[in-house]
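Please open the model in a viewer and keep the selection panel at hand. The tour below proceeds stop by stop, each beginning with a selection to make.

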Amino acid sequence: MNPIYQPLFEPLTLPNEVELANRFVLSPIVINASTLEGYVTQDEIDYAKRRAGSAGMQVTGAAYIEPFGQLFEYGIAAYDDRQIPGLTQLAQAMKSQGNKAILQLTHAGQFADIARRDYGLVFGPSEMELNTPFPHKVYPMSKRKINQIIQQYKDATKRAIKAGFDGVEVSVAQRLLIQQFFSPFSNKRTDEYGGESFENRARLGLEIFKAVREAIEEEGAPDTFILGFRGTPEEARGSEIGYSVEEFNQFVDEILDIAQIDYYATASWGKNIYLQKIRSAKHEGRYMNEVVYEHFKGRLPIMATGGINSPQKALEALQFADFIGMSAPFVTEPDFVTKLKEGQEDKIDLSLTEEKRIDLAIPEAAFKDIVYMMDLGGALSKKTRDEMRTLSSNYNSKDED
């Protein structure tokens, strides 16, 4: 191994004393390979097993906690006990080479496009008319519905434990439900969950993390069970700031106090997120990860994500992070870390052909939504992304099965 990359292979100890073998994490990516109802398929298991040696910790694609929270078609789910056997197989595949397996729990809220299509009903913090990803009306959640959501996160955590996952990650990033409640842009409520004060905007997130921690304790999970947090540190739309990085850091501090989270993965939309700069006044122009890392250093491990697709970028991102999350590069190069460790970084290959697809256990019908909606943040070449797009045509025959 080239000694310049040695820092990427130092072990990392999380606050709960879990040691990760290296500084790489397989970050969440939805491959659209489950059933329509969110049950894990053999394709999903084979895909995970092929990547079991990719990183010291691995996080599943978004697992939705109720049907009204589903963003991606053919995404995995964790809202029913009948899903536990498939989740168990998925956890076993992810852990088959000794790595830590984390189940990401999500609710898409006002962007739950599959709920819009299937049920004609989308819930969010407030009544709104949106055009993304398609025109639809958002209905405000009642307090009873909010309580159901909190319980569903708790129940999904218990299913993750029963399935043998090493932890769960709750996403408060990329405009998902918990972030929607924290955002002054989307939260126009006037009750105790409303957008008029920091305390009220933070309330849902705090109650969900408290419930998740209770589930971990009630289910008798080991002390080594990992509770992760994924968040977007600053919300900006053009020149407008929804919440500042200072506010979000305070939010995470309060979650730390009640739920003892073990890491914080920064995430957002766009390209090269690990190099994103702050727009709000106090830290304007500074790197987002620099500000977050400075605030939590020594208290909470920070994971940099977004656009990291080369050894050089990984090393650069580690300047303001404790470990590195990559998703798209592990799709087409599961052996990225192995090749780097063996001094074969020149053999890292992020391209995709039909022949490679089979060897990489990429399902014949895959990535229907992720390439269309997110385009993988440009982490793979346009040629590779176009090759992945061609797989969406295979869903026609899948739907007929």
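Helices here are DSSP runs of H or I with at least four residues, and strands are runs of E with at least two, both numbered from the N terminus. The model is a predicted one.

**Stop one: phenylalanine 367**

Select phenylalanine 367, in the loop that runs between helix H12 (354-359) and helix H13 (370-373). Is this residue buried or exposed? Phenylalanine 367 counts as buried, because its relative accessibility is 1% and the cut-off for burial is under 20%. Its backbone also deserves inspection: phenylalanine 367 has a positive phi of about 60 degrees, although it is not a glycine. Most residues other than glycine have a negative phi.

**Stop two: glutamate 17**

Move next to glutamate 17, located in the loop between strand E1 (12-13) and strand E2 (19-20). Here too a residue other than glycine takes a positive phi, near 75 degrees. Glutamate 17 is exposed, with a relative accessible area of 63%.

**Stop three: helices H1 and H2**

Select residues 42-50, which form helix H1, together with helix H2; their axes come within 7 Å and cross at roughly 20 degrees. H1 is therefore roughly parallel to H2, and the crossing is right-handed. To display the contact, show Glu44, Ile45, Ala48 and Lys49 of H1 with Gln89, Leu90, Ala93 and Met94 of H2. By class, these comprise 5 nonpolar, 1 polar and 2 charged residues.

**Stop four: tyrosine 79**

Tyrosine 79 is in the loop between strand E5 (63-64) and helix H2 (84-94). With 26% relative accessibility, tyrosine 79 counts as partly exposed. Which residues does tyrosine 79 touch, not counting those up to four places away in sequence? They are Glu37, Tyr64, Ile65, Glu66, Pro67 and Arg159. Tyrosine 79 and arginine 159 are 80 residues apart along the chain, yet their C-alpha atoms are separated by 8.4 Å.

**Stop five: helices H4 and H6**

Now select helix H4 (residues 143-162) and helix H6 (residues 198-218), which pack at an angle of about 35 degrees with axes 8 Å apart. The crossing of H4 and H6 is right-handed. On the H4 side, the contact is made by Ile146, Ile149, Ile150, Tyr153, Lys154, Thr157, Lys158 and Ile161. The H6 residues in the contact include Leu204, Ile208, Ala211 and Ala215. Colouring the contact of H4 with H6 by class gives 11 nonpolar, 1 polar and 5 charged residues.

**Stop six: glutamate 234**

Proceed to glutamate 234, in the loop between strand E11 (226-231) and strand E12 (236-237). Glutamate 234 is buried, with a relative accessible area of 7%. With which side chain does that of glutamate 234 make a polar contact? The partner is the side chain of serine 280, at 2.7 Å. Beyond its neighbours within four places in sequence, glutamate 234 is also in contact with residues including Ile241, Tyr243, Val245, Lys277 and Arg279. The C-alpha atom of glutamate 234 lies 8.1 Å from that of methionine 288, 54 residues away along the chain.

**Stop seven: helix H8**

Methionine 288 leads into the last selection, helix H8 (residues 288-296), whose buried residues are Met288, Asn289, Val291, Val292, Tyr293 and Phe296. Their cover includes helix H7 (245-259), strand E14 (263-266) and strand E15 (302-305). Finish just after H8 at glycine 298, which takes a positive phi of about 85 degrees.

Note on methods: Residues are numbered from 1 along each chain as its sequence is written. This is a predicted model: local features need pLDDT of at least 70, side-chain atom pairs count only at pLDDT 80 or more; totals for chains, interfaces and linings use all residues. Side-chain values use heavy atoms; hydrogens and water are left out. Buried means under 20% relative accessible area, exposed over 50%, partly exposed in between (1.4 Å probe, protein chains only). Contact means heavy atoms within 4.5 Å. A polar contact is a pair of N or O atoms within 3.5 Å; within protein, one must be able to donate a hydrogen and the other to accept it, and residues adjacent in sequence count only if both atoms are side-chain atoms. Axes are lines fitted to C-alpha atoms, for helices over the stretch in contact, and angles run from 0 to 180 degrees between N-to-C directions. Angles under 35 degrees count as roughly parallel, over 145 as roughly antiparallel, 65 to 115 as roughly perpendicular and the rest as oblique. A crossing is left-handed if the near helix is turned anticlockwise from the far one by less than a right angle, and right-handed if clockwise. Ala, Val, Leu, Ile, Met, Phe, Trp, Tyr, Cys and Pro count as nonpolar, Asp, Glu, Lys and Arg as charged, and the others, Gly among them, as polar.
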